[in-house]
Amino acid sequence: MASRRVLGIVLAGAAGKRLAPLTEDRAKSAVPFGGLYRLVDFALSNLVNGGILRICVLTQYKSHSLDRHITTTWQLNSLLANYVAPVPAQQRLGPHWQAGSADAIYQSLNLIHSDRPDLVAVFGADHVYRMDPAQVIERHLAWGAGVTVAALPVPRTSARSFGIIRPAADGHRIAEFTEKPADPPGLPGRPDAAVASMGNYVFDREVLVEALHADAADADSGHSIGGDVIPRLVRDGAAHVYDFLQNQVPGADGRDLGYWREVGTLDSYFDAHMDLCTVHPVFSLYNDQWPILTYVPPQPPAKFVLGEGDQAGRAVNSVVSNGVIVSGGLVRESVLSPGVRVESLASVTRSVVLHNARIGPRAVVENAILDKNVVVQDGAAVGVDKERDRERGFVVSAGGISVVGKGQVVTA
């Protein structure tokens with residue numbers, strides 16, 4: 001890869017409607033995750049750790065907090081011409097917004113023309129995983145591919161949400177690519193599994209530019225990378241598939257192998273957090289050879305103190321961020337973001353609590369997601385009675401997770 005000039009493009013313009021109310025005031029890729037991070041940090045960390053140091057993040061929907069996070073956090077060495085730059089939708093080609101992921105890049109082709117890369121790595125911004133892109137690029141060059149699609153096997157029952165790949169006989173050329181099929185084809189010998197695109201691609205620059213121009217001229221196109229551009233390149237014989245299970249990330253152990261979560265729904269977002277809370281997590285945040293990078297707010301360490309009646313503040317099988325104070329409350333199997341307060345005799349179980357939320361004395365929070373600055377009043381409960389939660393206007397997911405939007409108050 002050292003002899004090839006690579007530009008990274010991160011697609012971060014999605015609204016993330018299925019994550020509402022977490023996306024009512026922010027872009028999907030700006031949603032906090034894992035206590036300290038935002039979803040976009042995972043894609044950016046993989047690119048930067050993999051040696052791709054010129055990155056454009058294409059934004060559109062409610063992008064202020066995302067743009068601010070990228071600008072203040074992702075400051076690379078400008079003396080070496082390295083950068084991570086947020087690029088908002090600019091309507092450069094006329095008075096219309098981005099019509100899809102392919103159109104987002106097409107409207108920003110000036111970035112590619114200015115940088116003049118040999119390869120363009122196009123990554124999604126809302127997945128939780130580790131991957132070394134240099135290994136994908138190595139196979140891309142060895143195959144002489146026009147585009148290489150990173151993919152992994154998923155259960156066929158959940159494959160309808162992804163672009164599905166049927167590999168050719170050689171194992172790496174793509175014979176067929178179908179975006180979100182109603183009846184995903186199974187694998188030979190594994191009829192219960194299908195090969196799903198991860199939404200990460202490596203393109204030859206000329207192939208990408210030509211394909212985007214052809215897509216823009218097609219009035220019947222949905223202007224999507226997965227739905228339109230990749231099938232076009234499959235028909236041209238230029239598309240190959242990279243097996244994510246072959247990717248060896250430094251410092252990762254067997255539990256991390258193949259870990260990739262698309263957190264596009266409230267339940268998948270919640271489940272990915274619960275993955276962090278186990279004694280031996282299937283995805284570890286503690287790999288210092290391939291760190292997930294972010295801005296860490298300058299708050300003091302977490303503190304656990306005695307509360308009412310000498311009740312000890314405790315957290316068990318939980319991820320607790322800096323600035324948190326657990327004062328006589330009990331936290332179990334939960335993730336607490338910076339600045340959270342848990343007061344005397346309060347109970348937090350299997351929950352995700354975002355920045356500066358306050359959980360009052362004797363309050364109960366179970367199977368819930370609390371957005372930033374939520375206040376659970378003294379003796380109040382959320383997540384215990386789902387019907388009561390719905391009556392109070394809180395969202396309850398299909399999997400039974402109660403979600404309280406930013407700044408809301410949970411009354412007793």
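These legends walk you through close-up views of two pockets and some aromatic contacts in a predicted model. Local features are taken where pLDDT is at least 70, side-chain atom pairs count only at pLDDT 80 or more, and totals for linings use all residues. Residues are numbered from 1 along each chain as its sequence is written, and side-chain values use heavy atoms, with hydrogens and water left out.

**View 1. The largest pocket holds about 1300 Å³ of space.** A pocket here is an open set of points on a 1 Å grid over the protein atoms alone, where a 1.4 Å probe fits and protein lies on both sides within 12 Å along at least five of seven lines. Its volume is the space filled by probe spheres set on the points, which are joined across faces, edges and corners. Look for Lys28, Asp126, His127, Lys180 and Glu262, which lie nearest the centre of this pocket among its 46 lining residues (those with an atom within 4 Å of a point).

**View 2. Helices and strands contribute to the lining of the largest pocket.** Elements supplying at least two residues each include helix H3 (101-106), strand S8 (147-155), strand S11 (193-204) and helix H8 (266-277). Helices (H or I, at least four residues) and strands (E, at least two) are DSSP runs, numbered from the N terminus. By residue type, the lining has 20 nonpolar, 18 polar and eight charged members. Ala, Val, Leu, Ile, Met, Phe, Trp, Tyr, Cys and Pro count as nonpolar, Asp, Glu, Lys and Arg as charged, and the others, Gly among them, as polar.

**View 3. The second largest pocket offers about 330 Å³.** Of its 16 lining residues, Arg38, His69, Tyr295, His355 and Lys372 sit nearest the centre. Helix H2 gives the largest share of this lining, five residues. The lining divides into five nonpolar, eight polar and three charged residues.

**View 4. Tyr37 and Phe42 make a tilted aromatic pair.** Rings of Phe, Tyr and Trp (its six-membered ring) pair if their centres lie within 6.5 Å; planes under 30 degrees apart are stacked, over 60 edge-to-face and the rest tilted. This rule gives eight aromatic pairs. For Tyr37 and Phe42, the centres are 5.9 Å apart, with 55 degrees between the planes. Both residues are buried (under 20% relative accessible area, 1.4 Å probe, protein chains only). Tyr37 and Phe42 also join Phe33, Tyr259, Tyr269 and Phe283 in one aromatic cluster.

**View 5. Tyr129 meets Phe244 edge-to-face.** Their centres are 6.5 Å apart, with 75 degrees between the planes. Tyr129 belongs to strand S7 (residues 127-129) and Phe244 to the loop between strand S12 (239-243) and S13, so the pair ties together parts 115 residues apart in sequence. Tyr129 and Phe244 are both buried.

Definitions and conventions:
Buried < 20%, exposed > 50% of the residue type's maximum accessible area, 1.4 Å probe, protein only.
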